Amino acid sequence: MSDVKKIATRQAYGEALAELGGKYPNLVVMDADLAASTKTAMFKKVYPDRFFDAGIAEANMVSMAAGLATTGKIVFASSFAMFATGRVYEQIRNSIGYPHLNVKIAATHGGISVGEDGASHQCIEDVALMRNIPGMVVCVPSDYVEAKAAVQAAIDHDGPVFLRFGRSNVPVINDREDYKFELGKGVVLKEGTDVTVIGTGICVDSVVKAEEMLRADGISAEIINIHTIKPIDEELIVKSAKKTGKIVTVEEHSVIGGLGSAVCDTVCRHYPVPVMKIGVQDVFGTSGSADALMQYYRLDAQGVYEQVKEFLGK
Amino acid sequence: MENLELQKLANKVRQGIIISTHAAKSGHPGGSLSAADVFTYLYFEEMNVNPENPKDPDRDRFVLSKGHTAPGLYSTLALRGFFPFEDLSSLRHLGSYLQGHPDMKKTPGVDMSTGSLGQGVSAAVGMALAAGIDKKDYRVYTLLGDGEIEEGQVWEAAMFAGFHKLDNLCVIVDNNGLQIDGPIDEVCSPYPIDKKFEAFNFHVVKADAHDFDSLRAAFKEAKETKGMPTAIICSSVKGKGVSFMENQAGWHGVAPNDEQKEAALNELKKAGEALCQM
């Protein structure tokens, strides 16, 4: 496993902005004093005239982004997920969501894999907050390749988009020639018959590895990557539910309002099956290394493997 | 435009405020009336706007940060020719393009959706920034309530605008002295307003919100001020023009009933006729 490349999705975000800035002269990037961490500094370096630092004033940043968007700019506004969504939920809802403006809330440091900074900085509610805004697209890329593709897709999409990137280095799992990214389309990574396991973001890697362990135990798991939580790929989820009759969701987010809830909304309506939601179980995060926390919250491959087996009663 | 013409138009703007809030059985007449002369001056004298092409990319922008006074903005836009004056009576009705608070997607001439206090001013700063990027010379105006500036976000926006020397931005504060819970200096006083904006690197001008000579001088000074944004602190009377609404916090968010509407319109029409005989 040592030859697997590990890169943070926030790195892909910064690189994508810097690469696409030339192609899109109306691309504007904003930050709130975290440009080095969110990687928007990479865009700033190349296009200083189209980069604005709001200082430590997130509310003003996202509302200014709305004003810029009214003039035809594509605006990416970045901070840590906690401050880019939680602190400014109402600004995003009223000044960006309601007028359906072309602003991309690109949040880094989502989830508990933020690590040592602890609960105050580990946003596990961002997907829930953004999902409930009408017209908001919610996208959580799983790796470097997908994160880059998601930035391009967000530019191509006319309207508000929430993108969640991570702090920690994670394996590159999508570097294959036939990789295609389409907003709103889930990806079947492995077909199976006993249980459907759906992951999002950096948990897709855990799910892929857990599948190998399950297979060794004779369990056939269908593995799906849902990078777009809204609009969610209902067709794909229902099709898989009909095949396996059981779903497990895995996310580095509260089990309230995130991927698990979105999947439940889908199957409740179209084809009810039992769903187990693996995620942060209605508790706050805590300090620790990213790897230690993924293990502690049972979001690593071993944790997913064990919980799927518990769910299947095996 | 002569002051007398502006006064006649402002009188009609006030009538529209009464007609629309009465028809809606709700809305905010007090702060709409206090800002009626400012709305009139902006749309009939100051701003470069075109009702035939409301989305002209080179137009001046206006953001009603105190979005609850939409009846004042709508009445002005209607008189300026953006939509029929008769439609004001659809205010706040189901299916109307005149929403309770400004909606840029529904109403011609509305440059930004607002209503949640403190956010519009930031959007205006964003528009002013965009003019800089695009090397356009349009100006951006935003109207705030004096209670609204209790919102912390207003000062985030002011800090940014002052720091970036956005001299195409003109912030107007409608200083009528009253907010829902009472006089602003009894609720949580934002005074001194002028010194606060000065401290945030604004050029500050004081004006009488109901005197067109004063407004003319203030907006001229704002336009001529380079290297920093301008804040015009407009001293105004809440409910101005309708005697029983003047200086009453209670008329912040209450609509006139049938009787009150007739009394208010009679008073305004008389004042309008007097202007016509001048």
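Trainee: What makes residue pairs count as being in polar contact across the interface of chain B and chain A, and how many are there?
Mentor: The rule finds 11 such pairs, both residues at pLDDT 80 or more. A polar contact is a pair of N or O atoms within 3.5 Å; within protein, one must be able to donate a hydrogen and the other to accept it, and residues adjacent in sequence count only if both atoms are side-chain atoms. This is a predicted model: local features need pLDDT of at least 70, side-chain atom pairs count only at pLDDT 80 or more, and totals for chains, interfaces and linings use all residues. Residues are numbered from 1 along each chain as its sequence is written, chains are lettered from A and ligands numbered from 1 in the order in which they are written, and side-chain values use heavy atoms, leaving out hydrogens and water.

Trainee: Why is the pair A:K73 and B:D134 called a salt bridge?
Mentor: The term requires a side-chain nitrogen of Lys or Arg within 4 Å of a carboxyl oxygen of Asp or Glu. In A:K73 and B:D134 the closest N and O atoms are 2.4 Å apart, therefore the pair qualifies. The count between chain B and chain A is 1 salt bridge.

Trainee: How do you know which residues belong to the contact?
Mentor: Contact means heavy atoms within 4.5 Å. By this rule, 25 residues from chain B and 26 residues from chain A take part.

Trainee: What is buried between chain B and chain A?
Mentor: Buried area is the accessible area (1.4 Å probe) that two parts lose on being put together, summed over both. The two chains bury about 1900 Å², 61% of it on carbon and sulfur atoms. B:Q119, B:I133 and B:E156 supply 27% of the area that chain B buries against chain A.
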